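Reader: I am new to this structure. Please show me how to read it, one feature at a time.

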2 protein chains.
Amino acid sequence: MRDSDIPEIRKLDLFSEMSDASFAGLIRGAYVQDFPPQIDLVTEGDPAGFLHVLMSGSAELYADWNGRETLMATVRPVSTFILAATIRDGPYLMSARTIEKSRVVLLPSTDVRTAFEQDHEFARAIVGELAMCYRSVVKDTKNLKLRTSLERLANYLIRSHLHAGAALEFDLLMEKRRLASFLGMTPENLSRAIKALRPYGVRIDGATVRITNMEDLKALSKPSALIDDYAT
Amino acid sequence: MRDSDIPEIRKLDLFSEMSDASFAGLIRGAYVQDFPPQIDLVTEGDPAGFLHVLMSGSAELYADWNGRETLMATVRPVSTFILAATIRDGPYLMSARTIEKSRVVLLPSTDVRTAFEQDHEFARAIVGELAMCYRSVVKDTKNLKLRTSLERLANYLIRSHLHAGAALEFDLLMEKRRLASFLGMTPENLSRAIKALRPYGVRIDGATVRITNMEDLKALSKPSALIDDYAT
DNA sequence: TTCCGAAGTTGACATTTATCAATTGTGTGG
DNA sequence: CCACACAATTGATAAATGTCAACTTCGGAA
């Protein structure tokens, strides 16, 4: 592990409040690996051996069933993933693979559980993190069940716009086929949805999005804090 | 509160391991209410004032957006609901209403957070509960994104069958319109899906389900532990 | 028991979404 | 710079799902 990795990990909400001793105990058993793109880090169904921390690059969490595959989430540095499986000592529910060349720190699940037993601050941080993750997925479910794919796309664009500091021109940050899978639609359908948003003041050229009429877009997408706001 | 309520609450996983003192602190501020059917207990967007414990009856968690409504989960006694909002001191993401006449214990969120700060065993139980809830919703999302409505129905029936002790004849436990909403489809579509399952060895008459050909049903529904098993 | 209203079903139809096939665009390695 | 592989788009069509309206069934209240 690089010396520079450790303070970066320490800064994460999950680890920032725990005792030095517990943190040291966690880091002691950790190891780091650099992965090329498109490498499977985790396979759903496997026992959760490690809590993963993505230090650089990017990864995706996806799920399979009956020959179909869907993108569940994209992970960007620096953040952890698959905490719940580690805590419950259960099988992974999602698979993970790198998108780009990525650097990952692996913390053995047993060490994580030990630290959690011994360090109340860490337990508290885990509670906060899990509650947030849970609420994110609930929002996701609402998004899927209450909205059409066009509405999901429109809201995704508004969220990206806000994420980009409310810029009216911003980047899609994801290949379109990935975005389609994330939004629960086919690439073809996404292509058509993008065209269908033109009358609502949206221009997408390659990976560049330009919003020319926020009023109309908002009238269509009706963003709601209880679905689209990641913070609450 | 009835005397008999307290040991019932104490027996829940969430509360069984905490200290007597912490539990007493929680119960001290609690109060109980009996509600008639179809009464709103919680409205999404409101600040999370209470952790709810359903003692008897039944309730549903649902979500609204843009005039549409969807059933997210059904709550049966004895269990708690809306823990994550309480913990994060955030707004409720779902609304809740009674289905039948129900008895509910209300624990003030501040008391829950205080107990969580002071009692490591309680914190540990919360972590376990939240991790399980999170994993349930992830399975839900996979169910929604990877399966058609017919497949969701087929798998729902198999889960109910297992829940009923693997009986080949069992009860639907829910009005069909509720089931339709839960599965993310219209009542009309559910009606047709039920007929479409007949060739696969399923007979549904009123609220009674009879599975006459488990092979065929399983061949269609392809149940997976990573979606359908609530325990993992 | 009868009646009423809501739930459930059915048919016709509209909309949404997926599938398949062909074509165009695009970024990367030689 | 070119060529290749793959992403993205487009058109045609099919399948899945929703909507609306009519009708039937069922359960509870008078």
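Author: Start with polar contacts. A polar contact is a pair of N or O atoms within 3.5 Å. Keep in mind that this is a predicted model.

Reader: Then how far does a polar side-chain atom of B:Ser191 lie from a phosphate oxygen of DNA strand C?

Author: The distance is 2.6 Å, from a polar side-chain atom of B:Ser191 to a phosphate oxygen of DNA strand C. A:Asn189 also reaches a phosphate oxygen of DNA strand C, with a side-chain N or O atom 3.0 Å away. A:Glu188 has another kind of partner. An N or O atom in its side chain is 3.2 Å from a base nitrogen of DNA strand C.

Reader: Which residues come nearest to DNA strand C?

Author: There are 15 residues around DNA strand C. Those that come nearest are A:Ser149, B:Lys176, B:Arg177, B:Ser191 and B:Arg192.

Reader: Which parts of DNA strand C lie within 4 Å of the protein, and in what share?

Author: Sugar or phosphate accounts for 67% of the strand C atoms within 4 Å of the protein. Bases hold the rest.

Reader: Which helices supply the surface near DNA strand C?

Author: Look at both chains. Helix 9 (187-196) of chain A gives at least two residues. In chain B, helix 8 (176-183) and helix 9 (187-196) each do so as well. The largest share, 4 residues, comes from helix 9 of chain B.

Reader: How many residues of each class does that surface have?

Author: The surface near DNA strand C has 8 charged, 6 polar and 1 nonpolar residues.

Reader: Now take me to the other strand. Which residues come nearest to DNA strand D?

Author: Around DNA strand D there are 15 residues. A:Lys176, A:Arg177, A:Ser191, A:Arg192 and B:Ser149 come nearest. Of the strand D atoms within 4 Å of the protein, 68% belong to sugar or phosphate, and the rest belong to bases.

Reader: Where do I find polar contacts to phosphate oxygens of DNA strand D?

Author: Try A:Ser191. One of its polar side-chain atoms lies 2.6 Å from a phosphate oxygen of DNA strand D. For A:Lys195, a polar side-chain atom lies 3.3 Å from a phosphate oxygen of this strand. B:Thr186 uses its backbone: an N or O atom there lies 3.2 Å from a phosphate oxygen of DNA strand D.

Reader: Which helix gives the largest share of the surface near DNA strand D?

Author: Helix 9 of chain A does, with 4 residues. Helix 8 (176-183) of chain A and helix 9 of chain B also supply at least two residues each. By class, the surface near DNA strand D has 8 charged, 6 polar and 1 nonpolar residues.

Reader: Next, helix packing. How are two packed helices described?

Author: By the angle between their axes and the distance between the axes. Take helix 7 (residues 149-163) and helix 9 of chain A. Their axes come within 10 Å and cross at roughly 70 degrees. Helix 7 of chain A is therefore roughly perpendicular to helix 9 of chain A. Their crossing is right-handed.

Reader: Which residues of helix 7 and helix 9 of chain A meet?

Author: Helix 7 brings A:Ser149, A:Leu150 and A:Leu153. Helix 9 brings A:Asn189, A:Leu190, A:Ala193, A:Ile194 and A:Ala196. This contact of helix 7 with helix 9 of chain A has 6 nonpolar and 2 polar residues, and no charged ones.

Reader: How do helix 7 and helix 10 of chain A pack?

Author: Helix 7 and helix 10 (residues 214-221) of chain A pack at about 130 degrees, with axes 9 Å apart. The two helices are therefore oblique to each other. Helix 7 of chain A passes helix 10 of chain A in a left-handed crossing. Among the residues in contact are A:Leu150 and A:Ile158 of helix 7, with A:Met214 and A:Leu217 of helix 10. The contact of helix 7 with helix 10 of chain A divides into 6 nonpolar, 3 polar and 2 charged residues.

Reader: Last, the backbone. Where is there a cis peptide bond in chain A?

Author: A cis peptide bond joins A:Pro77 and A:Val78, with omega about -10 degrees. A:Val78 lies in the loop between strand 5 (68-75) and strand 6 (79-81) of chain A. In chain B, a cis peptide bond joins B:Pro77 and B:Val78, and omega is about -10 degrees.

Reader: What is phi of B:Ala166?

Author: Phi of B:Ala166 is near 65 degrees, a positive value in a residue other than glycine. Find B:Ala166 in the loop between helix 7 (149-163) and strand 9 (169-171) of chain B.

Conventions
Residues numbered from 1 in each chain as written. Chains lettered and ligands numbered in written order. Predicted model: local features only at pLDDT ≥ 70, side-chain atom pairs only at ≥ 80, totals over all residues. Heavy atoms only, no water. Near = heavy atom within 4 Å. Polar contact = N/O pair within 3.5 Å; in protein donor to acceptor, adjacent residues only side chain to side chain. Nonpolar A, V, L, I, M, F, W, Y, C, P; charged D, E, K, R; others polar. Axes fitted to C-alpha atoms, helices over the stretch in contact; angles between N-to-C directions. Parallel < 35°, antiparallel > 145°, perpendicular 65-115°, else oblique. Left-handed = near helix turned anticlockwise from the far one by under 90°. Contact = heavy atoms within 4.5 Å.
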